Every structure is written in structure tokens, then in C-alpha cells.
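Colleague: I want to learn how to read the empty spaces in a protein model. Can we work through one together?

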Amino acid sequence: MKTDLMRFLASAAMVTLAMASAAKAEGVVHVYNWSDYIDESVLEDFTKETGIKVVYDVFDSNEIVETKLLAGGSGYDVVVPTGPFLARQIQAGVFQKLDKSKLPNLSNMWPDIMERLAKYDPGNEYAVNYMWGTTGIGYNVEKVKAALGADFKVDSWDAIFKPENAEKLKSCGINILDASDETFAISMNYIGKDPDSKETADLEAGGDVYMKIRPFVKTFNSSSYIDDLANGDICMTIGWSGDILQAKARAEEAKNGVEINYVIPKEGTYMWFDNLAIPADAKNVEEAHAFINFLMKPEVIAKASNYVQYANGNLASQALLDEEVFKNPSVYPDAETVKKLFTISPYGPKEQRVLNRVWTQIKTGN
Ligand code: N2P
């Protein structure tokens, strides 16, 4: 026979449960991520598992994210800046430290990548790697053959940076990523300078590489270039590894006869890391941690990587990756290729002004 106290406790427990599930149903997390960077079913899976709704916005440049974060009140709970931007944003105080007690899946992460990320986030206190990749050349095999000759091998930055090549590619369309920190690191490296140089003279010399090919460039774009490449509207681009592989997959799916290839040029290129971090003024901190913890589940991040064809920073996920992804050196570069990759550090305010000035001149063609 139930006592009054037992009945009271039972009903109190039910009220608590009801309140908990109501709170669960009302939870929300505002996520700001790069475009073409997730399998949307991952977001649905998260909501199914936790009851937390995801409001998901996308961007295609670190500068856009930075402007919002520095202004404050972005409304985002999770954002995904690249290493050098993360580093200076941590300095600027725009992020909060992660509460690692809420991130048990940290144990799945890849120590090598955490170590590389620690260059930007000492002690891995503010961020967790989402994906990483390289910035290389994506091209339309047939159109480049037609423009540069059947024997032309696209294995060097010469393919795009030599004005005589760029001139021949003009009519089929060249795109350059609108990501100046990366494009300058690449052009400075190409002319034999330190890709991480912040010297005005080096930046100007790096800018000259683009000035010389400027008349032959069709677009400066970092998102719709994926479809442009897949549709045959451009034939060569400086682009991000997974974006180019997605363009290739889209062309194959459309059966439009466009064959796309991605190369990491022999002179080397930038290896970057995009990372999950929580703004200091985030309103849904609990949910933000739940979201980041969910993305660190091996099966979840493997699903995301299989879809977007970017490498991730989760060691435990590797056994769950599709062979075509994990064994593809364009996604997970082999040790030999990794030796040719470099990283870059953040620009200081003065250096950034020089970079902005030169990049604007290039884009406007003046
Ligand atoms: C996804 C682009 C992510 C790479 N479209 C940029 N760091």
C-alpha cells in the first residue's frame, strides 16, 4: 500500500521528468558553419537524440565570421573559425573556455591534430577540430587539356600562376578563392618566400603573382565555385580539397560529362584546420557543448566526412570512414605529401591592413 509520502514523491518525480523533457524539447543551438560542410542528416540525428533543435547558418569566409564575433551579440552558440583566425579571436576574448567535463567524447580525438591545433589554441582550451584539409587546384580535365595541350600536366602552381597558362584558361574560366590569408601564403611560397611572412615587401611580391594573372581571372569566390566547376562554368580554381571532390561528385551524379580533378601542387600548399568554438556571449552554452560532443562521436563525424570529403580530427572515426575517403590522398594526404604542407600564423592588425589593401587592389583589378 502506498503511503502519502510515496505518492507525493512519485508525482513529484513525474513533474520533474515532464519538466525535463519539456526543457529538452525547447533546447536550441545556433550553429554557424562553412557552407557545404555537413551532411544535413547529422543535424537531424542530433535533434532526434537530444531533443535540441539546430538553427544552422552558413558562411564562406573567415572575415565574415570575425566581423560578427568582434561586434558581439552574433547570436551563435557554435562557430567554426580556421586556425589563424581562431588564434587571434581567442586573444580578442570572443570565446569561452570549453567545459571538458561536458565533452567526454574528447577521448576520440586524434592527438596529432590536437597538437597541430594547439599552435592556435595553446592547451586545446577553447576549440575542438571539426575538419581539416588543403588548398589546392581543382580543374576540369577536358577543358584544361583543350586549353593547355593534351600533354600538359597539372602538378604545379605554374598551371594557374604562369600568365601564359592563365591567359589560355581565360575563356574557360579561372576562379580564385576569396581567402586572402591563404592565397598570399600560397603565392609567397610559390615565389620562394616564407609562406608565413608578414613583411610588406613579401606581401606585395605575393600580390604581384595575382596582379599578373588578374586580367584572366573570371571570379573570386569561395562557395558557388563548387557548382561552377561541376557545371563546366569554370575550368580551373584555387579551391579547398573537399569542395573540389564535392564538385567532382556532383558532376558524376549529373552525368554531364565533366571530369574534375584535385591536385596538391608539388611546390606545396597550406594545410588548415577548422574548429568548433563557443562565443563568450553564447546563450545556449549547455546545448553548444552537447552539439560539439555529438560531433565527436566517431560514427557521427565519419558520416560527415564521408559526405563532405574532408578529413576530420577524430582518430576513432577512421575505422568507420569509406575507403574512398580515408584512402584518398587528396583527403588524407600521405606522409610524403604532408611534408610539403605548411601552416600559417595570424596576421597582426598592421599586417592585416597591408594584406587587405593589396587584396582589394587585386580583386578590383586596379
Ligand atoms: C567548406 C569549406 C571549408 C574549408 N565549403 C575552409 N576552411
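Colleague: How much space lies in the largest cavity?

Modeller: Start with the general idea. Rolling a probe the size of a water molecule over the atoms shows where empty space is left. Here, in this predicted model, the largest cavity holds about 110 Å³ of space. The count comes to six cavities of 30 Å³ or more.

Colleague: Which residues line the largest cavity?

Modeller: The lining includes Trp-34, Ser-35, Tyr-37, Asp-60, Thr-82 and Glu-182. Ser-222, Trp-240, Asp-243, Trp-272, Asp-274 and Tyr-310 are also in it. By class, that lining divides into five nonpolar, three polar and four charged residues.

Colleague: What takes up the space of the largest cavity?

Modeller: The ligand does. Around the ligand stand Trp-34, Ser-35, Asp-36, Tyr-37 and Thr-82, together with Trp-240, Asp-243, Trp-272, Asp-274 and Tyr-310. This shell has five nonpolar, two polar and three charged residues.

Colleague: Now the polar contacts. Which residues place an N or O atom by a nitrogen atom of the ligand?

Modeller: Use a cut-off of 3.5 Å between N or O atoms. Ser-35 offers a backbone N or O atom, 2.6 Å from a ligand nitrogen. Asp-243 brings a polar side-chain atom to 2.9 Å from a nitrogen atom of the ligand. For Asp-274, an N or O atom in the side chain lies 2.8 Å from a ligand nitrogen.

Colleague: And how much of the ligand does the protein bury?

Modeller: Compare the ligand alone with the ligand in place. Alone, the ligand exposes 260 Å². The protein buries 99% of that.

Colleague: Let us turn to pockets. How much space lies in the largest pocket?

Modeller: A pocket is an open set of points, whereas a probe in a cavity cannot get out. The largest pocket has about 260 Å³ of space. Its lining includes Asp-36, Tyr-37, Ile-38, Glu-40, Tyr-56 and Val-58. Gln-246, Ala-249, Arg-250, Glu-253, Tyr-307 and Gln-309 line the largest pocket too.

Colleague: Which elements give two or more residues to that lining?

Modeller: Strand S2 (53–59) and helix H12 (241–254) do. H12 gives the most, with four residues.

Colleague: How do the residues of the pocket lining divide by class?

Modeller: Six are nonpolar, two polar and four charged.

Colleague: Where does Tyr-37 appear in these lists?

Modeller: Tyr-37 is in the shell around the ligand. Tyr-37 also lines the largest cavity and the largest pocket.

Notes:
Residues numbered from 1 in each chain as written. Predicted model: local features only at pLDDT ≥ 70, side-chain atom pairs only at ≥ 80, totals over all residues. Heavy atoms only, no water. Near = heavy atom within 4 Å. Polar contact = N/O pair within 3.5 Å; in protein donor to acceptor, adjacent residues only side chain to side chain. Areas by Shrake-Rupley, 256 points an atom, 1.4 Å probe, with all protein chains shown as cover. 1 Å grid on protein atoms, 1.4 Å probe; cavity = no way out; pocket = protein on both sides within 12 Å on 5 of 7 lines; lining within 4 Å. Sits in = over half its atoms within 2 Å of the grid points. Nonpolar A, V, L, I, M, F, W, Y, C, P; charged D, E, K, R; others polar. Points joined across faces, edges and corners; volume = space filled by probe spheres on them.
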